[in-house]
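Here are some exercises to work through with the structure open beside you. Try each task on your own, then follow the solution step by step.

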Amino acid sequence: MQFVVHAIDKADILATRAKFYRQHRIHLDEAGKHGIAVLTAGTLVADDGETPCGSVFVIDAKDRATADRFVKSDPYHVNAVWEDVQIHGYNKKRGTPIASRRG
């Protein structure tokens, strides 16, 4: 099943975000170890088009519990960068089809 993860950063957290950026990227790169495939991921930016203010990613997981564990183990979650995290099941209707990449 696919899930959209939408996470908004805490105010004035940019230095902490930068400190854990590499660990966050490694976590996404090693998603397979958690039974997750990352289909797309990126940084949400403020109206200036540059300042990071959150994260969004679409993942493929066997179930919601697996998705929850993956998100809760993300360095941005563990180190309290994100203020609000929402995870929703996703049923893609338009655009290029996305096949499961979980192996």
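The radius of gyration used below is taken over C-alpha atoms, and the rule for a globule is 2.2 Å times the number of residues to the power 0.38. Please keep in mind that this is a predicted model.

**Exercise 1. Overall form**

Task: Find out whether the radius of gyration of the chain agrees or disagrees with that of a compact globule.

Solution:
- Step 1. Start with the rule: for 103 residues, a compact globule would have a radius of gyration near 13 Å.
- Step 2. Compare this with the chain, which has 14 Å, so the value agrees with the rule.
- Step 3. Add the extent of the C-alpha trace, which spans about 35 × 30 × 20 Å along its principal axes.
- Step 4. Turn to the surface: the accessible area of the chain comes to about 6,400 Å², and carbon and sulfur atoms account for 50% of it. Of the 103 residues, 31% are buried.

**Exercise 2. Reading the fold**

Task: List the elements from the N terminus on, and work out the order of the strands in the sheet.

Solution:
- Step 1. Count the elements: there are 3 helices and 4 strands in the chain.
- Step 2. Walk along from the N terminus, and you meet them as β-α-β-β-α-α-β.
- Step 3. Now look across the sheet. It is open, and its 4 strands pair antiparallel in the order β2-β3-β1-β4.
- Step 4. Find the edges: β2 (36–45) and β4 (82–90) each pair on one side only. From one strand to the next, the twist averages 15 degrees.

**Exercise 3. Pairing the strands**

Task: For each neighbouring pair in the sheet, say how many bridges join the strands.

Solution:
- Step 1. Begin with β2 and β3, which run antiparallel and are joined by 9 bridges. One example to look for is Thr 43, whose bridge partner in β3 is Ser 55.
- Step 2. See how these two strands connect: β2 and β3 form a hairpin with 6 residues between them. In the turn, Gly 49 has a positive phi of about 80 degrees.
- Step 3. Move on to β1 and β3, an antiparallel pair with 7 bridges. Here His 6 has Val 56 of β3 as its bridge partner.
- Step 4. Finish with β1 (residues 2–9) and β4, which pair in the antiparallel sense over 8 bridges. In this case Ala 7 is partnered by Val 85 in β4.

**Exercise 4. Helices on the sheet**

Task: Which strands do helices α1 and α2 meet, and at what angle does each helix run to β3?

Solution:
- Step 1. Helix α1 (residues 14–29) packs on the sheet and touches β1, β2, β3 (52–61) and β4. The direction of α1 makes about 15 degrees with that of β3.
- Step 2. Helix α2 (residues 64–72) lies across β1, β2, β3 and β4, and runs at about 145 degrees to β3.
- Step 3. Check how enclosed β3 is: 7 of its 10 residues are buried, so β3 is largely enclosed by the rest of the structure.

**Exercise 5. The aromatic cluster**

Task: Find the aromatic pairs and decide whether the pair of Tyr 76 and Trp 82 is stacked, tilted or edge-to-face.

Solution:
- Step 1. Know what to look at: a pair of aromatic rings is described by the distance of the centres and the angle of the planes.
- Step 2. A search of the whole structure gives 2 aromatic pairs. Phe 57 and Trp 82 form a tilted one, with 6.3 Å from centre to centre and 40 degrees between the planes.
- Step 3. Place these residues: Phe 57 is in strand β3 and Trp 82 in strand β4, 25 residues apart, so the pair links distant parts of the chain.- Step 4. Apply the cut-off: planes over 60 degrees apart count as edge-to-face. The rings of Tyr 76 and Trp 82 have planes at 80 degrees and centres 5.8 Å apart, so this pair is edge-to-face.
- Step 5. Put the pairs together: Phe 57, Tyr 76 and Trp 82 form one aromatic cluster.
- Step 6. Check the burial. Both Tyr 76 and Trp 82 are buried, and Phe 57 is buried too, with a relative accessible area of 1%.

**Exercise 6. One residue and its contacts**

Task: Is Val 71 buried or exposed, and which residues is Val 71 in contact with, leaving aside its neighbours within four places in sequence?

Solution:
- Step 1. Locate Val 71 in helix α2.
- Step 2. Use the cut-off for buried, which is under 20% relative accessible area. Val 71 has 2%, so Val 71 is buried.
- Step 3. With the neighbours within four places set aside, Val 71 is in contact with Val 5, Phe 57, His 77, Trp 82, Val 85 and Ile 87.

Notes
Residues numbered from 1 in each chain as written. Predicted model: local features only at pLDDT ≥ 70, side-chain atom pairs only at ≥ 80, totals over all residues. Heavy atoms only, no water. Pairing = 2+ DSSP bridges. Axes fitted to C-alpha atoms, helices over the stretch in contact; angles between N-to-C directions. Contact = heavy atoms within 4.5 Å. Buried < 20%, exposed > 50% of the residue type's maximum accessible area, 1.4 Å probe, protein only. Areas by Shrake-Rupley, 256 points an atom, 1.4 Å probe, with all protein chains shown as cover. Phe/Tyr/Trp six-rings, centres within 6.5 Å; stacked < 30°, edge-to-face > 60°.
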